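Got your viewer open? Here is a short tour, one selection at a time.

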Amino acid sequence: MINMKKICIVGASGKLGQYMVQHALDRDYEVVGVCREKSVDKLDAFKGHITVIPGATNDREVIKKAVEGCDGVLTVLVPWGVHQYSSGTAQAVLDYARAGARLIFSCGWHITLDGQDVYSRTLKMQVKLGSWFGRLFRVVDIDDQVEACRRVFASNTSWTVVRGSDLEEGESQGLPVWSRHVGDPILESNMTRRVDFALFMVEALENNELIHEAPAIVGCQTPSALAHKGDQ
Ligand SMILES: NC(=O)c1ccc[n+]([C@@H]2O[C@H](COP(=O)([O-])OP(=O)(O)OC[C@H]3O[C@@H](n4cnc5c(N)ncnc54)[C@H](OP(=O)(O)O)[C@@H]3O)[C@@H](O)[C@H]2O)c1
C-alpha cells in the first residue's frame, strides 16, 4: 500500500473541498489545494496549514505543478460551463499525477460505471432537465462530466469515482455506506451529509478495496442504510 503523506485537493475552496481539506489535515497529510484565483480567500481559515495554487482546475500547467510529488489526488468534478471543464480537469490529473498515486474523483449518482444502475423517474427527469437547461444557458454541461468519468474509468491509474447522493449540510454522522449500483435498497434514502461525502473521499485514499470501484454512497444513519446494513 502507498504511504500517504502528501495529497492534492483539486477544487479545494468549494463546500466539499473545504470539508476534504479539514479531514486531510486531521490525518496529518501535507495538503496542496487548487482553486480559482477569486476563491483563494475562501481558504483563509487554513492559511499556514496548506499550500494553495490558484488557477482554473482544467489548466494543465496548474495541475501539473499542484500534483507534483503527491501520493493521492482528490478531485471535485463539476461540469461548469461549456468548455470541457470536467474532462479537462480529469485529463490533467490522469496525465500528471505520479504513477501509482491514488486518484479519487467526486460526481453524482447519474454517472454509471457498468450501465447496471437503476434510476428512479425523478432522478432521470432531474438529469434530463439539468442537462437541457444547463446547455441552453451555457452554464453546465453534464455530458462533459460523463466524458470525464469515461476517461477515468478507461485509465490504467488507481482510480475511485465516488458517486454522491443528494446532499445536505449538518454535523457528521460517520462514514457513509455504499453500494455498486443505484437502485440497490440500501441507497433508497438518497441523502448524505456533505461533510461525510468528504470523509468518504478522504478515507478512500487509503482503502485499496475501492480501487477501480464507483461506490454510490448514502448517509450511514439514513433509514435505508440502517434497514439494510446487514446486506453488505
Ligand atoms: N450538490 C449536490 O446536491 C450534489 C449531489 C451529488 C453529487 N454532487 C457532487 O459533489 C461534488 C461537489 O458538489 P457541491 O454541490 O458540494 O459543490 P461545491 O463543493 O460547492 O463545489 C463546487 C466547485 O465548483 C467550483 N465552481 C463554482 N462555480 C464555478 C464556475 N463558474 N467555474 C468554475 N468552477 C466553479 C467551486 O469553486 P469556487 O470555490 O472557486 O467557486 C467548487 O470547487 C461534485 O462532484 C458534484 O457532482 C453534488
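The expected span of a helix is 1.5 Å times one less than its number of residues. Keep that rule handy, and keep in mind that you are looking at a predicted model.

**Stop 1: helix H4.** Select residues 121–136. H4 has 16 residues, so at 1.5 Å a residue it should span 22 Å, and its end C-alpha atoms are indeed 22 Å apart. Now look at what surrounds the helix. H4 is hardly covered, with a count of 0 buried residues among its 16.

**Stop 2: helix H5.** Move on to residues 142–154 and try the ruler again. These 13 residues should span 18 Å, and the distance between the end C-alpha atoms is 19 Å, which agrees. Which residues of H5 are buried? Color Ile142, Asp144, Gln145, Ala148, Cys149 and Val152 to see them. Turn the view until you look down the axis of H5: the buried residues fall within an arc of 160°, so they line one face of the helix. To see what covers them, show helix H3 (85–96), S5, helix H4 (121–136) and strand S6 (158–164), which are included in that cover.

**Stop 3: the ligand.** Show the ligand and the 21 residues around it. Which of them come nearest? Label Gly11, Gly14, Leu16, Ser39 and Gly164. Next, pick out helix H1 (15–26) and strand S5 (102–108), since each supplies at least two residues of the shell. Coloring the shell by class gives you 8 nonpolar, 8 polar and 5 charged residues.

**Stop 4: Gly69.** Go to the loop between helix H2 (60–67) and strand S4 (72–76), where you will find Gly69. Is Gly69 buried or exposed? A residue counts as exposed if 12 or fewer other C-beta atoms lie within 10 Å of its own. Gly69 has 11 C-beta neighbours inside 10 Å, so it is exposed. Draw a distance from Gly69 to Val40: C-alpha to C-alpha they are 22 Å apart, with their positions 29 residues apart in sequence.

**Stop 5: the whole chain.** Zoom out and switch to cartoon. The chain's secondary structure comes to 7 helices and 10 strands. Its radius of gyration is 17 Å, close to the 17 Å that the globule rule gives for 232 residues, so the chain is as compact as a globular protein of that length. Along its principal axes, the C-alpha trace spans about 45 × 40 × 35 Å. Color by burial and 44% of the 232 residues show up as buried. Finally, take contacts between residues at least 6 apart in sequence: 73% of them join residues at least 24 apart.

Definitions and conventions: Residues numbered from 1 in each chain as written. Predicted model: local features only at pLDDT ≥ 70, side-chain atom pairs only at ≥ 80, totals over all residues. Near = placed C-beta within 6 Å. Helix = DSSP H or I, 4+ residues; strand = E, 2+ residues; numbered from the N terminus. Nonpolar A, V, L, I, M, F, W, Y, C, P; charged D, E, K, R; others polar. Buried ≥ 20, exposed ≤ 12 C-beta atoms within 10 Å, placed from the backbone. Arc of directions from axis to C-beta. Contact = placed C-beta atoms within 7 Å. Rg over C-alpha atoms; globule rule 2.2 N^0.38 Å.
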